[in-house]
Each structure stands twice: as C-alpha cells, then as structure tokens.
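Reader: Before we begin, I should like to learn how to read a ligand site and the cavities of a model. Please take me through them in turn.

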Amino acid sequence: MTRIVILGGGFAGLTLATHLDPLAAQGKADVTLVDRAPHFAMGLNLQWVFAGRRSPQEGQRMYASLRPRHVRFLHDEATAIDTARRSVRTRSALLPYDHLVLALGADLAPDLVPGLAEGAYNLFELDSVMQFRDAVQRVDGGTLLIAIASMPFKCPPAPYEYAFLVDDALRQRGVREKVRLVLTTPEPQPMPVAGKAVGDAVKGMLAERGIEYLTGHKPKAVDAAARRVTYENGAQLEYGLMAAVPPHRAPKVVRDAGLADASGFVPAELGTFRAQAPNVYAVGDVAAIKLPTGSPHPKAGVFAESQALTVARRLAAEILGGEHEKYPGQGTCYVEVGRNEAAPAEIRLLEEGGPTARIEPPSVNGLELKRRFETERFERWFGG
Ligand SMILES: Cc1cc2nc3c(=O)[nH]c(=O)nc-3n(C[C@H](O)[C@H](O)[C@H](O)COP(=O)(O)OP(=O)(O)OC[C@H]3O[C@@H](n4cnc5c(N)ncnc54)[C@H](O)[C@@H]3O)c2cc1C
C-alpha cells in the first residue's frame, strides 16, 4: 500500500488529509498526518481576539476530533527528514514514506532583527496579540507603530487589517486624535502581488483614517530601551508602542534536511508542487513557489489549501489512475477594514499577462463572508 506522510496539520495538511481519506478508507493508501500541536488554530482568529470579538478557543479545534477518520493522526514533532532513505523521524516514531508532503507552515523568527523581540509585540503570536490588545487599551498619546519586518509573510493583508482594527480601538476609546498611528513596510505598496488598483484602494483607506504609511522601510534594529527603530534606508522612528509582523522562515526540520534554499523556504514547482527531492512535495507557507512572472507566490490559507488539493488529486490519480485538474491559482481574501466591515479581494495569479485582482467595497456582508470562510473550513475538517 502506498504510504503518504503529511507533515503539518494546518490549512494545507488538513486539506490533504480530507481529500486522501477516501483512498485510505478503500485501503489504497496508508496516510499519516503529523502535527506537534494538539489543536489547529485559525490564523484570522488572532485579529478577532485582538478586536475583543472572540476568545482564542473559538478559533481552535482539537485534532482528536478530525473529520477524516481513516487518516492516522500523530501528535508529535517531526525532528528529521531523510530524503535518501525516504523516512521522517519524529520524537516517538520513524515514518517511512512513498510520498512526503511538507505542509509545515512558516516559523516566526523575530530574532532575525536585533531588538525586535524585546521592543515589539508579535502580531502573529497569540499571547503577544493579547498583551498588545491590553496595551492599546491603555494608550492615550504618542506614536503607535505597526511594522512589517520583512517579506515574504503570510496573509499579505494582515498587517493592514491590524492597523484598521487599532484605529477602531483608539476611536472607540475617544483617543484617536491624540495618537500618531504609523504603518511601515519594506513593500512598495500594500499586497504587491494584487496590483496597483488593490494597493491604491488599501492606501486610500489608510489615508482616510489618518494612518501614516511608509513604504520601503525595512527595520534593521530596534532599541527597546530607547523605543527607537532604525531602518535599512537610514530612517529612524521613535515609538511609544510597537507591534510587528516578524520575519518568517521554514521550520528548522526542513532547513536541517537541506530542503530550503537561500529564501529560507522550500523551493517547489508551480503546479506540481514537487520539491527538489524525489517524491517530496511542498505546499502552503513552507514553500517558495515562483509565479510565471517571477514574483513569489503569496502565502495565505486560501492558496495553501488549493495547492494541497492539487497535490491530493495528483496523488489519487497516480494511485488510482485517471486525470487530475490543474492548479487554478486563484482565491479570495476578505480584507478586514475595521468598522465591522471587510472588503472581499479576489486574486487570480495565473492569468495571461500576470496576476489580476479585484477588490469590492467594504461591507458588513464582506465580514459575514469572512466568518463563513472560517465556518466552512471547521465544518469540512472537524465536522463543525
Ligand atoms: C493574523 C492572521 C490572519 C490570517 N488571515 C487569513 C485569511 O483571512 N485568509 C487566509 O487565507 N489566510 C489567512 N492567514 C494565513 C494563513 O493562516 C496561513 O497562510 C495558513 O495557515 C498556511 O497554511 P499551512 O498549512 O501552509 O501552514 P499552517 O496552517 O501554519 O500549518 C502548519 C502546521 O505545521 C505544524 N508544524 C510546524 N512544525 C512542525 C514540526 N516540526 N513537526 C510537526 N508539526 C509541525 C504547526 O503546528 C502547524 O499546525 C492569516 C494568518 C494570520 C497570522
């Protein structure tokens, strides 16, 4: 029987497990899903926790209640990958494979910018987000800085969404006029892959709310004691409160296995998602995938699951015979803009002539669609 090992039970790993479950049920494949966490955590819930709309637990589901019943779940950490012997070592087991799918997401590495861990809250880490939320509730003046440390990072709209939610929180407390709210980024515009029209729409919303926006600003170091950021372009900014999207890189286990390249991620071929080692695939945030234009494929849950679905179908076709569909390279993000609204943005990455994107005006219904995006996935992967 074909042995398939999936490392990581996030958007990509859960999609693979769900779509390979029928193969496992028919006895055509032996499928193992490995995750070091006891539960899946929905990324977008971090922002709802920040906004005070949700508890952390409402965005989590235990792997013990996985819907795919014929896939073996191993709660363990992958510690070594041997692509020559085709096996994975975890803390408790040795897993030989015929096909290995890397769906390990990205690790956050604030230590790559000196002083960042000490000087800034981490917008992508639950405990830090809750501390930042409490700190924002105490702000009554000064500069509040949101900084994107480097590219790539998961969920390209996320830092902008945080800026809008911070703006909301300060307005609700009646202190917005006293606070200078600044967003800095190394990017040339918001969500660069989505193109100028989407970038201009987001910039317009920042300007309308009085949020200062500085592009081409990559933090070089943070002086936590002096509360000052120095950027690679020579600029300096003093802040009272700072939160950041830290640098990302592939988890250590894949870097140690020599599977990552200079980008810090695992190079994989667009469409097949094959990594450089035989019978190894990389999907989602762990992968470095180039679009036909040469730009990096954006990292987001909606793309991670679509890549995973493509790999699941390719594997099923290989085992059962038959055709498989091509990777569509499209997805919709619901850009949260505060005021209980979101703007659906549809991105098509593989259009002739390069990616295209369309953003709808923000609406209450847009936020409802974002809630539904989450509910559908919980239903699909955990039965609710
Ligand atoms: C604030 C925020 C908001 C977001 N909003 C959206 C949104 O609205 N829409 C959207 O599409 N995306 C959104 N995202 C992005 C989305 O969460 C990620 O792009 C997505 O989770 C990537 O899926 P993945 O399967 O590649 O990795 P992940 O979902 O990160 O899963 C990786 C898994 O691997 C496990 N793992 C890592 N190392 C090991 C190891 N050594 N051994 C075993 N297990 C390991 C981890 O525990 C984790 O469960 C958001 C992200 C954030 C932070």
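Author: The shell around the ligand takes at least three residues from domain 1 (2–106 + 250–326) and at least three from domain 2 (111–248), with bounds from an automatic or database domain assignment. This is a predicted model, in which local features need pLDDT of at least 70 and side-chain atom pairs count only at pLDDT 80 or more, while totals for chains, interfaces and linings use all residues. Residues are numbered from 1 along each chain as its sequence is written, and side-chain values use heavy atoms, with hydrogens and water left out.

Reader: Which residues come nearest to the ligand?

Author: A residue is near a molecule if one of its heavy atoms lies within 4 Å of it. Here 29 residues surround the ligand, and Ala12, Asp35, Ala78, Asp285 and Val302 come nearest.

Reader: Which polar backbone atom lies 2.8 Å from an oxygen atom of the ligand?

Author: A polar contact with the ligand is a pair of N or O atoms within 3.5 Å. The backbone atom in question belongs to alanine 12. A ligand nitrogen atom is 2.9 Å from a polar backbone atom of alanine 78.

Reader: How many cavities of 30 Å³ or more does the structure hold?

Author: On a 1 Å grid over the protein atoms alone, a cavity is a set of points where a 1.4 Å probe fits but cannot get out; lining residues have an atom within 4 Å of a point. Two such cavities are present. Residues lining the largest cavity include Gly284, Asp285 and His297, whereas the second largest is lined by residues including Pro156, Met191 and Cys333.

Conventions. Polar contact = N/O pair within 3.5 Å; in protein donor to acceptor, adjacent residues only side chain to side chain. 1 Å grid on protein atoms, 1.4 Å probe; cavity = no way out; pocket = protein on both sides within 12 Å on 5 of 7 lines; lining within 4 Å. Points joined across faces, edges and corners; volume = space filled by probe spheres on them.
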